[in-house]
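I sat down with this model to look up how a few of its helices pack and where some side chains pair. My notes are below, in the order I made them.

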Amino acid sequence: MLIHLYLIKLFNNNIKEEDFVRDSNGTIHNYFLGNIQDSEVINNLQQTEEELIIRLKNQKNKNSLTKVPLQDDFCKEIDVINALLSRIRFRRAFLNILINFIQSNKKNMNKIKKALTFALTQIPIMKNTESLIKADITDFFNENINRKLYYQMPRVTIKYTTEETYNYYTSFFKEAAYLCSLTNEISYRALISIIFENNSIVTNPKESKILKRMSIVDLIKEWLISFCDPIMYMDSKDSDIKDMMNAFYDRCINSVVDCIRIYGYNRSRIRRLLVQFIIEWDKLQEESEMLDNKLHNYYLLASKKEINDNENQTQYYISSWVYHIKLLYLEEYLSLGIELDIIMKHELLYTYWYLHYLYDNISAYKLISNAFVFMLIAFRKAEICKNPACEFDKENIRFYHRFKIFTEINNPAFVPYEIYIKNIETIQSDENSIKNCFSYAIAEFDKAKEYLISIKQFQDNVTQTQCYHEFFIKNIDNLLTIIHKNIENINIMTKKIAIMKIKNNNQNINTRKLNIKLNFEFNKIFPIIEIIELD
């Protein structure tokens, strides 16, 4: 399972794990041609390798018999054969990894580890003989491969240098080999047994327990209490209230199990499955509102006491909790769009604008999102990171496409493109200079900084992060780093843009175009933004 996730990490830009699932004939369609078995490819590589080895031996024997100093052409031929051998061996080892990976058992994990270790030995040889293999591979990287629809712009393709590629593969295979060795650990076997024993969560969720400790019903109760504390319903001894609450738990269990199942997939598929999950959760919220009304009315009648105006108003405990969870998953859905590079650079403005709309009123994420909105507006005013001028590309269509999910749920309400553009144009007006927009961004960053520093001072029992407090603090530190770096970069960018404008006013000077560089090293949603000069 760990190797599965790690292999997906290697291909997560263009390839999904279903691309390596065999069909009924045992063929991996997206890697091999449909009419060729994967074993045939391996055998062909093995045969080619053997032929090259024979040729290499013949060349060496010929030289030993003649006892003449090696000529340059002869040496080059031997080097080329060794270079080809290393690449064929690497490819054969890599394909063996994929083939053995399909069958997830301990024996195959040992084979995978052996293939990974062998592939590692070929990387230095490939790196040292790179100059001998003068292959033009530019045609292999077509940016349109990621284009889903004709009217969409292709996603940005990241091209690594040769040095970066070999370093990446070396690091990848080393870590993957280490993960294979974990299958021999007792803790790994214990974890796998727990996972498979808890497979009944899907088939019989009501009776099963998470990690053999807590039932899903108890999990829902704990979750409810931590958010809204509707204790008068949950501890009521009235049989009718008990029946209504049990009916809610039964209804809620299926959605919780769906959530557990979804997060077993990779992030790309999670995003797709979240759409249906959120729509179903929205229906649960509607049912919960009716349940809140029923429970409130029945509780007042059963209590037999005088009722004041405040008590007469329905307290939407359960539906508020459901709505809160729905907001978290909507934020997750949009955030995954940024993390997976589905949202393109020129779409970040309305994505952060919409995230700002979703986040809680008192939230560091809300303030940071707003800061990025001001930064990106400043870039647009400076004609950096503009909307592409394509005949088949319209921002209003893209906006609707990105936030279509909000049209399929009752709340939060879908914000139309017209409201978004009106809001942005107000900020982007001539009255607000580029410098003003950057100043607004710094102000929002400063507010978020104060908020994060204050949260960091609380104990883990206050922030309810007892089980992951170190991770929680590290995440805050990363956000503070992003804020600090972006404030520094804003000051640098303001000067760069000012210099660019002065140069553009002088028609005798040819200036380089500016673009923005996004660094997501510290956070998957919020980057450190820099300005770079294009050639």
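These entries go from the whole chain to single residues, then to a helix pair and the salt bridges.

**Ground rules**

I am working with a predicted model, where local features need pLDDT of at least 70, side-chain atom pairs count only at pLDDT 80 or more, and totals for chains, interfaces and linings use all residues. Residues are numbered from 1 along each chain as its sequence is written, and side-chain values use heavy atoms, with hydrogens and water left out.

**Whole chain**

I started with the elements and found 20 helices and four strands in the protein chain. Here helices (H or I, at least four residues) and strands (E, at least two) are DSSP runs, numbered from the N terminus. Next came burial: buried residues make up 39% of the 535 residues in the chain. Buried means under 20% relative accessible area, exposed over 50%, and partly exposed in between (1.4 Å probe, protein chains only). For contacts, I took heavy atoms within 4.5 Å. Of the contacts in the chain with a separation of 6 or more, 71% are between residues 24 or more positions apart.

**Around threonine 351**

Which residues does threonine 351 touch, not counting residues up to four places away in sequence? I listed Ile338, Ile343 and Phe403. Threonine 351 itself lies in helix H14 (residues 348-358) and is buried, with a relative accessible area of 1%.

I followed two of those partners. Isoleucine 338 belongs to helix H13 and is buried at 4% relative accessibility. Beyond four places in sequence, its contacts include Tyr352, Leu355, Phe520 and Ile525. Lysine 524 is also touched by isoleucine 338; the two are 186 residues apart in sequence, yet 7.6 Å apart in space, C-alpha to C-alpha.

Isoleucine 343 sits in the loop between H13 and H14 and counts as buried at 10% relative accessibility. With residues up to four places away left out, isoleucine 343 touches Gly337, Ile338, Leu348, Thr351 and Arg402. The C-alpha atoms of isoleucine 343 and arginine 402 are separated by 8.3 Å, with their positions 59 residues apart along the chain.

**Helix H16**

Arginine 402 led me to H16, where Glu395, Arg398, Phe399 and Arg402 are buried. Seen down the axis of H16, the buried residues fall within an arc of 105°, so they line one face of the helix. The arc is that of the directions from the helix axis to the C-beta atoms. What covers these residues? I noted that the cover includes H13, H14, helix H15 (364-381) and H17.

I then took the packing of H16 with H17. Helix H16 (residues 395-402) and helix H17 (residues 417-427) pack at an angle of about 120°, with their axes 10 Å apart. The axes are lines fitted to C-alpha atoms, for helices over the stretch in contact, and angles run from 0 to 180 degrees between N-to-C directions. Glu395, Asn396 and Phe399 of H16 make the contact with Tyr417, Tyr420 and Ile421 of H17.

**Salt bridges**

My rule was a side-chain nitrogen of Lys or Arg within 4 Å of a carboxyl oxygen of Asp or Glu. The count comes to 14 salt bridges, and I looked up three pairs.

- Lysine 524 and glutamate 339 meet at 3.8 Å, N to O. Lysine 524 is in the loop between strand E3 (514-519) and strand E4 (528-533) and glutamate 339 in helix H13 (residues 317-339), so the pair ties together parts that are 185 residues apart in sequence. Glutamate 339 is partly exposed, with a relative accessible area of 22%.
- Lysine 447 pairs with glutamate 444, their closest N and O atoms being 3.4 Å apart. Both lie in helix H18 (residues 434-456), three residues apart, about one turn of the helix. Lysine 447 is partly exposed at 45%, whereas glutamate 444 is buried at 10%.
- Lysine 456 pairs with aspartate 477, with the closest N and O atoms 2.5 Å apart. This pair links distant parts of the chain, lysine 456 in helix H18 and aspartate 477 in helix H20 (residues 469-505), 21 residues apart. Lysine 456 is partly exposed at 34% relative accessibility, and aspartate 477 is partly exposed at 28%.
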